[in-house]
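Here's an informal walk through one chain, starting with a stretch of sheet and the helices beside it. After that come a few loop residues that deserve a look.

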Amino acid sequence: MSEQKMFKALVTAEQRGAYSVLQDGVELPAVITGKLAGEAVSRLDFPVVGDEVEVSLHDGGAKAVIHGVLPRRTLLLRKGLGAAGDAQPLAANVDKVFIVMGLDGNYNIARLERLLTAAWDSGALPVVALTKKDLCPPEELAARLDAVALAAPGARVLCLSSLSGEGVAEVEGELAGGARCCFVGSSGAGKSTLLNRLAGRTAALTGEVRENDSRGRHTTTARQLHCLPCGGQVIDTPGIREFGVAYAGEGLETSFSDIGALAAGCRFKDCSHTGEPGCAVAAALAAGTLTAERLKSYHKLRRETERHELRGDLKKRLAAKNRLKRFGRMARDIGEEKRRLRGG
Ligand SMILES: Nc1nc2c(ncn2[C@@H]2O[C@H](COP(=O)(O)OP(=O)(O)O)[C@@H](O)[C@H]2O)c(=O)[nH]1
Ligand SMILES: [Mg+2]
Ligand SMILES: [Zn+2]
């Protein structure tokens, strides 16, 4: 077979093994090579929306075949909460992760903390986008904004209404300069409505459409990258029912930097803040400067992280053991070969 010419392309959509890529300004359907699929050891080896890939063109440039994924700058991961929860990549190479949360019944601080931890872990910058300001009782707005500010140290917080358009310009400001963003948040948070507002048209189906949609539960079925008039790009994700934290290490420390700062004052360097004497975190809790809910979220996410790391360690140990076994077999084979050559 003659050497194929390779081109760089951007993955713009993915749904059950079928991809779309943007190559030289044209969107093409794409599949991956059997080699790429065969050599993949985990879901992380498959292309994901936002990935830069190497493609060959076929059918007179009407179709693309993906041969490889180029190194990722950032990667947003989601882990299922189940025991078998394998890390699932949601979006690659995003600059900002928008955590979209409604100020209506969708408002949930524990979920926000979970999403923030995953966002910090991705390597991208988290931005909290509070939607449905028009639905928030005015007397509760200030308290909710305060709680969000406490839960999201270091992250920008925007407050908007996709209905009235209030605050949408600030979102556009975040997208300016061609930033690539990913919208995450639970179903009904207002992600698709915000995207449509930014796109100035119906780019994604929203909750209202779903009510008359006989086909299924999810209004946003595939992950899709949308290029917006303001120059930015948005990846809308379907409502994620459970969002486990995958490799929260740094992410946890960053999203709970307030607890980290307090921990510097604990008597023991490895204080777990679960009742040790001289614990500065416990002192803050008693003084009311730290809420019990926030500390509970921290402990919960930390336990999840530790369980995940433990699983990772087991996998690593197993892989090392197999490598040693293979090496042992190879050494034995070489020995036998030498003996055979010596005529032994
Ligand atoms: N009043 C009001 N309703 C909104 C706003 N944003 C979204 N909604 C409604 O909330 C529901 C869920 O929105 P949708 O964008 O589908 O949420 P998604 O699941 O996160 O994509 C829909 O009925 C929207 O019309 C908003 O800013 N104000
Ligand atoms: Mg949606
Ligand atoms: Zn402590």
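## Around strand β9

Strand β8 (residues 96–102) runs parallel to β9, and seven bridges join the two. Keep in mind as you look at them that this is a predicted model. One of the pairings is easy to find: G102 has T131 in β9 as its bridge partner.

On its other pairing, β9 is joined to strand β10 (residues 156–159) by four bridges, and these two also run parallel. Here V127 stands opposite R156 in β10.

How buried is β9? Of the seven residues in this strand (residues 125–131), six are buried, so the rest of the structure largely encloses it. The cut-off behind that word is 20 or more other C-beta atoms within 10 Å of a residue's own.

Now follow the chain from strand to strand. β8, helix α2 (residues 109–122) and β9 form a β-α-β unit, and it is right-handed. From β9 the chain then crosses through helix α3 (residues 138–151) to β10, in a β-α-β crossover that is right-handed too.

## The two helices

For a pair of packed helices, the usual description is the angle between their axes plus the distance between those axes. In this model, the axes of α2 and α3 come within 10 Å and cross at roughly 30 degrees. That angle makes α2 roughly parallel to α3, because angles under 35 degrees count as roughly parallel. The crossing of α2 past α3 is right-handed.

Which residues meet where these helices pack? On the α2 side they are I109, L112 and E113, and on the α3 side A147, V148 and A151.

## Three loop residues

Away from that region, three loop residues are worth clicking on. The table gives the loop for each of them, with the strand ranges where needed.

| Residue | Loop between |
|---|---|
| R16 | β1 (7–15) and β2 (18–23) |
| N93 | β7 (87–92) and β8 |
| G231 | β12 (223–227) and β13 (233–236) |

R16 has a phi near 45 degrees, which is positive even though the residue isn't a glycine. N93 isn't a glycine either, and its phi is positive as well, at about 60 degrees.

Is R16 buried or exposed? R16 is exposed, since it has 6 other C-beta atoms within 10 Å, and 12 or fewer is the limit for that label. N93, on the other hand, counts as buried because it has 24 C-beta neighbours inside 10 Å.

G231 is exposed, with 12 other C-beta atoms within 10 Å. Which residues does G231 touch, leaving aside its neighbours within four places in sequence? The contacts are L175, A176, G177 and G178. As for R180, it is 51 residues from G231 along the chain, with 9.3 Å between the two C-alpha atoms.

## The whole chain

Zooming out, the chain has ten helices and 13 strands. It is 344 residues long, and buried residues make up 36% of them. How much of the contact map links residues 24 or more positions apart? Such pairs account for 67% of the contacts in the chain with a separation of 6 or more.

Terms used: Residues are numbered from 1 along each chain as its sequence is written. Chains are lettered from A and ligands numbered from 1 in the order in which they are written. This is a predicted model: local features need pLDDT of at least 70, side-chain atom pairs count only at pLDDT 80 or more; totals for chains, interfaces and linings use all residues. Two strands pair if DSSP finds at least two bridges between them. A crossover is right-handed if, with the strands pointing away from the viewer, the path from the first strand over the helix to the second runs clockwise. Axes are lines fitted to C-alpha atoms, for helices over the stretch in contact, and angles run from 0 to 180 degrees between N-to-C directions. Angles under 35 degrees count as roughly parallel, over 145 as roughly antiparallel, 65 to 115 as roughly perpendicular and the rest as oblique. A crossing is left-handed if the near helix is turned anticlockwise from the far one by less than a right angle, and right-handed if clockwise. Two residues are in contact if their C-beta atoms, placed from the backbone, lie within 7 Å.
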